[in-house]
Structures are given as C-alpha cells and as structure tokens.
Protein chains: 2
Amino acid sequence: MITKTAPRVELTRDAIVGRALAIADVEGSDAVTIRRLAQEFDVTPMALYWHVKNKDELLAAMGDRFYEELPELDQSGSWSDRLRAVMEALVGSLGNHPGSAHLAAHRVLANEAGQQLTETTLGMLRSAGFSATQASDIARSALQSAVMLVTQMAGAEVAVAADERDAVLRAKRAAITALPVERFPNLVACADALTGCDDEAAYYAFGVDLFIAGVERLNASTKRQNRKT
Amino acid sequence: MITKTAPRVELTRDAIVGRALAIADVEGSDAVTIRRLAQEFDVTPMALYWHVKNKDELLAAMGDRFYEELPELDQSGSWSDRLRAVMEALVGSLGNHPGSAHLAAHRVLANEAGQQLTETTLGMLRSAGFSATQASDIARSALQSAVMLVTQMAGAEVAVAADERDAVLRAKRAAITALPVERFPNLVACADALTGCDDEAAYYAFGVDLFIAGVERLNASTKRQNRKT
DNA sequence: ACCTGAACACCGTTCAAGT
DNA sequence: ACCTGAACACCGTTCAAGT
C-alpha cells in the first residue's frame with residue numbers, strides 16, 4: 001500500500017529533524033514517532049539511534065531549529081521597536097512549523113542562538129528600566145506569546161491532521177451557532193472570528209501589538225512609581 | 001514492590017479524572033495512561049472504557065474540570081476590572097493542576113462553563129468598544145496567557161516528575177552561570193530569575209497586569225482612532 | 001450495568017551482531 | 001562509522017464473554 005518511491009534522502013541528523021517537522025506540520029506532533037520516521041527513510045527504527053540519542057533529543061533538536069532559522073533582527077529604534085522586532089522574528093520562525101512550535105519554549109536557554117536572543121532581549125528590557133525579575137518574566141512571556149500566536153490561531157488546529165481540520169472547524173462552528181442566542185449573544189456573534197482567521201497578517205500584527213502595548217504601559221507606570229520614590 | 005493498600009475508591013468517571021489530574025501534577029501529563037490508572041484503581045485497563053470513551057475523552061474531561069471548578073467572578077467595576085477578574089479566576093483554577101492546565105485550552109468552547117465564561121468575556125470586551133474579531137482574539141489570548149502563566153512559571157517544569165525538578169533546575173542554572181559573562185552579562189545577571197520564582201503571588205500579579213495593561217492600551221488607541229474618523 | 005480475558009497493532013529502547 | 005535483528009516492556013483499543 002505504502003509504495004515508497006522515496007527520493008532516498010541520506011539519513012542524517014538534519015534530515016531526520018526536517019522530516020519530523022514536516023510530519024508534525026501535516027499530522028500533528030503526536031504523529032512523529034521513531035518508527036514512522038524510520039519507515040519514511042526506508043530504514044530500521046534502530047538506525048535512527050545512531051544519529052539521535054533518543055526521542056527526547058529529537059524533540060529538542062526540532063525545538064532548536066526555530067532559533068537556528070531565526071531571521072535577522074532589525075535592532076534600530078527604541079527599545080520597544082527592538083522588542084517588537086524580536087517578537088516578529090519569533091513569530092516568523094515559529095510560523096514555519098506551527099505543529100512543532102511548542103517545542104521551542106523548552107529550548108531557549110539550552111540553545112546557543114536562543115541564548116543570544118534572550119541575552120539581547122533581557123538587555124533591551126533592563127535598559128528600559130525593568131528589574132532583572134521583570135525582564136525575565138517579560139522575556140519568557142514574549143517567547144510564550146509568540147508560540148501561542150502561531151499555535152492557537154483560530155483555525156490552525158495544530159493537533160489534528162491537516163485533512164481533518166476543515167471538518168473539525170465546521171463542527172466547532174456549528175456547535176456555537178446552535179447555541180441559544182438569548183443566553184450566548186456574543187458567542188454567536190463571534191462564531192466566525194472564533195473558528196477562523198481570514199487575515200493572518202492582521203492577526204499576527206494585533207497579537208504583537210497587544211503584547212508590546214502591555215510592556216510599554218507597564219514600563220511607563222513603573223517609571224512613574226520610581227520618580228515618586 | 002507496589003504494595004497497594006489502596007483505599008479502594010470506587011471506579012467512577014469523576015474519580016478517574018481526579019486521579020489522572022493528580023498523576024499529571026506529580027509526574028507530568030505524559031505519565032497518565034489508561035493502564036497506569038487501571039493499576040491504581042486495582043482494576044483491568046478495559047474497565048476504564050466503561051466510564052470513558054477513550055483516552056482523548058479522558059484528556060478532554062481533565063480539561064473540563066478547570067472550568068467546572070472556576071471560582072466565582074467578581075463582576076463589579078469597569079470592564080478592565082472585570083477582565084482582570086476573569087484572568088484571576090482562570091489562573092486560580094488552572095493553578096490547582098499545573099501539569100494539566102494546557103488541556104484546558106481546547107475545551108473552552110466545548111464546555112458549558114467555558115462557554116459561559118467566553119460569553120461574558122466577549123461581552124465586556126465588545127462593550128468596551130472592541131470589534132468581534134478583536135474581542136475574539138483578546139479572549140483567546142486571555143485564556144492562553146493564563147495557561148502560560150501557570151505552566152511556564154520559572155521553576156514549575158511541569159513536564160518533569162516532581163522529584164527530578166530540583167536537579168533539572170540546578171542543572172539549568174549551572175549551565176547559565178557557566179556562560180562567558182562578557183558575551184552574556186544579562187543572562188548571567190538574570191540566572192536566578194530565569195530558573196526560579198521566589199514570590200508566586202507577585203509573579204501572577206505581574207503577569208495579569210501585563211496582559212490587562214496591553215488590552216487597556218489597545219483600547220485607548222482604538223478609541224482615539226475612531227474619534228479621528 | 002459493570003467488569004474481565006485474550007488478542008492486536010502500535011510504541012521507545014537495549015544489546016549484540018553485522019559490514 | 002553506520003546499520004540490522006531480535007527481544008523487551010510498555011502503550012491504546014476491540015470484541016466477546018462473564019456476573
């Protein structure tokens with residue numbers, strides 16, 4: 001049944017990680033298994049263990065990819081401009097593989113490029129007047145918000161296989177519109193917006209704006225407090 | 001070895017879900033398996049299938065718990081006060097089971113109590129002047145931010161078993177402090193803040209503040225725009 | 001209504017062995 | 001250096017059968 005006229009790509013660590021990301025994109029990250037990967041490479045499951053210590057290391061390597069493929073940062077302008085650039089870079093990179101984006105979070109501090117990114121982010125936040133604790137919380141929040149934006153986008157349904165997403169979404173919307181309008185007027189009114197996204201760019205822009213706005217506002221009120229004391 | 005002088009609690013759907021949440025809390029959500037639960041209830045794995053359709057339904061039921069156990073909402077004050085109350089209720093409920101909190105996200109619109117919460121949240125946002133799309137995005141963001149706050153708290157390490165968390169955290173911190181200070185001054189300075197949280201209440205307050213501040217600021221600038229046109 | 005027994009198709013992983 | 005074979009201890013789940 002599974003006629004693999006596979007292009008016979010060489011079995012390397014990078015190739016494995018790439019395949020794993022591809023599988024996660026179309027079938028969700030639960031679909032990436034050692035045995036499945038082996039099959040796609042036309043090789044014994046144990047062959048993978050030469051290139052990757054175990055499955056955890058594979059998932060880690062998948063998470064690392066996002067930092068290694070980060071677009072270049074535009075680091076001009078105010079600190080909040082630069083923070084926005086960080087967010088946009090993250091969203092850009094994570095958006096390439098929504099099904100695996102959540103794997104990035106655990107790797108920021110383990111990965112070289114992730115450490116660099118964190119360093120510069122902490123730098124801009126502390127120079128803006130935030131304390132070490134505040135800067136750390138905000139930096140963590142920035143990364144997590146970026147992950148959230150790409151994985152939770154309305155209609156992304158990252159956990160379900162690509163060819164079932166439509167059906168799942170239709171069912172979801174139907175369930176909402178079937179609700180009694182008297183009790184759930186807002187839910188019914190927002191049914192479309194809650195189950196689909198018809199302007200990705202606007203969605204991402206709004207999400208990033210929301211985050212940056214919060215940081216700017218906190219910074220302003222922190223400064224005001226400091227002036228008082 | 002596993003001498004189960006089990007209190008022999010009755011096998012019911014609620015009991016199963018409760019046990020599952022407890023397991024996830026101390027060993028991470030990967031540790032909850034049908035067979036493991038059966039063992040703890042001193043019963044055959046197949047016995048569980050009478051009370052729960054399959055594992056997905058079990059995970060869904062775990063997610064539902066958070067909405068069913070939501071504390072009462074203080075719905076007085078301005079729209080942003082009420083939005084803050086929603087966030088605090090979510091953080092409160094999710095904080096009871098950090099290891100399973102991520103399961104809540106997929107269930108908001110499927111769960112009765114989740115629908116209610118979404119309805120009132122959308123209501124307060126739209127009455128504040130946000131569009132249906134904006135309100136939907138913000139509501140989704142609010143839930144996801146709450147999940148993030150409890151699962152990503154520095155030192156929570158929700159995926160690793162409780163008795164290994166200390167070792168993992170020590171290793172993490174050691175890795176950071178071992179970094180060259182010239183290249184990573186901020187990372188080193190924030191090592192403690194990045195790997196541990198010494199004031200949970202302050203951490204949650206800051207996280208909620210950050211979110212609310214963002215929404216308030218966006219609302220202000222949206223209003224200004226509307227006035228112009 | 002509620003649970004068991006046996007069986008199936010999957011997992012990740014180890015270890016010794018091949019080339 | 002890179003891969004295979006055989007084996008082990010786990011999964012979720014079905015289906016027929018018991019009480």
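User: How open to solvent is A:R19, buried or exposed or something in between?

Analyst: In this predicted model, A:R19 counts as partly exposed, because its relative accessibility comes to 30%.

User: And which residue does A:R19 form a salt bridge with?

Analyst: The partner is A:E40, and the closest N and O atoms of the two residues are 3.1 Å apart. The pair links distant parts of the chain, since A:E40 sits in helix α2 of chain A and A:R19 in helix α1, which covers residues 13-27, with the two positions 21 residues apart in sequence terms.

User: Is A:E40 buried or exposed?

Analyst: A:E40 counts as buried, because its relative accessibility is 13%, and the cut-off for that class is under 20%.

User: What other residues are in a network with those two?

Analyst: Salt bridges that share partners join A:R19, A:E27, A:R36 and A:E40 into one network. Within that group, A:R36 forms a salt bridge with A:E27, where the closest N and O atoms are 2.7 Å apart. Both of these residues are classed as partly exposed, A:R36 at 21% relative accessibility and A:E27 at 32%.

User: Where do A:R173 and A:D192 lie?

Analyst: A:R173 lies in helix α8 of chain A (residues 162-177) and A:D192 in helix α10 (residues 191-195), so their pairing ties together parts that are 19 residues apart in sequence. The side chains of A:R173 and A:D192 meet in a salt bridge with an N to O distance of 3.3 Å, and A:R173 counts as partly exposed at 33% relative accessibility.

User: How many salt bridges are there over all chains?

Analyst: The rule gives a count of 20 salt bridges over all chains, and four are found across the interface of chain B and chain A. B:R183 forms a salt bridge with A:E112, and the closest N and O atoms there are 3.1 Å apart.

User: Let's stay with that interface, then; how many residues of each chain are in contact?

Analyst: On chain B 45 residues are in contact with 45 residues of chain A. The two chains bury about 4600 Å² between them, and 64% of that area is on carbon and sulfur atoms. For polar contacts, the count between chain B and chain A is twelve residue pairs, with both residues at pLDDT 80 or more.

User: Which helices of chain B supply residues to the side that touches chain A?

Analyst: At least two residues each come from α6 (112-127), α7 (132-151), α9 (185-189), α10 (191-195) and α11 (200-228) of chain B. By class, the residues on that side of chain B divide into 23 nonpolar, 13 polar and nine charged.

User: Changing topic to the DNA: which residues are closest to DNA strand D?

Analyst: DNA strand D is surrounded by 14 residues, and the closest are A:T44, A:M46, A:H51, B:R35 and B:K55. Of the strand's atoms within 4 Å of the protein, 53% belong to sugar or phosphate, and the rest belong to bases.

User: What do A:T44 and B:R35 approach on that strand?

Analyst: For A:T44, a backbone N or O atom lies 2.9 Å from a phosphate oxygen of DNA strand D, whereas for B:R35 a polar side-chain atom lies 2.4 Å from a base nitrogen of that strand. There is also B:Y49, which has a polar side-chain atom 3.1 Å from a phosphate oxygen of DNA strand D.

User: And what surrounds DNA strand C?

Analyst: Around DNA strand C there are 14 residues, of which A:R35, A:K55, B:T44, B:M46 and B:H51 are the closest. A polar side-chain atom of A:R35 lies 2.4 Å from a base nitrogen of this strand, while an N or O atom in the side chain of A:Y49 is 3.1 Å from a phosphate oxygen. From chain B, a polar side-chain atom of B:W50 lies 3.2 Å from a phosphate oxygen of DNA strand C.

User: Which element gives the most to the surface near DNA strand C?

Analyst: That is α3 of chain B, which contributes four residues. By class, the surface near DNA strand C has eight nonpolar, four polar and two charged residues.

User: One last spot: where is B:S100, and what does B:S100 touch?

Analyst: B:S100 is in the loop between α5 (79-94) and α6 of chain B, and counts as buried because its relative accessibility is 0%. Leaving out residues up to four places away in sequence, B:S100 touches B:L21, B:A24, B:M62 and B:F66.

Notes
Residues are numbered from 1 along each chain as its sequence is written. Chains are lettered from A and ligands numbered from 1 in the order in which they are written. This is a predicted model: local features need pLDDT of at least 70, side-chain atom pairs count only at pLDDT 80 or more; totals for chains, interfaces and linings use all residues. Side-chain values use heavy atoms; hydrogens and water are left out. Contact means heavy atoms within 4.5 Å. Buried area is the accessible area (1.4 Å probe) that two parts lose on being put together, summed over both. A polar contact is a pair of N or O atoms within 3.5 Å; within protein, one must be able to donate a hydrogen and the other to accept it, and residues adjacent in sequence count only if both atoms are side-chain atoms. Ala, Val, Leu, Ile, Met, Phe, Trp, Tyr, Cys and Pro count as nonpolar, Asp, Glu, Lys and Arg as charged, and the others, Gly among them, as polar. A residue is near a molecule or strand if one of its heavy atoms lies within 4 Å of it. Buried means under 20% relative accessible area, exposed over 50%, partly exposed in between (1.4 Å probe, protein chains only).
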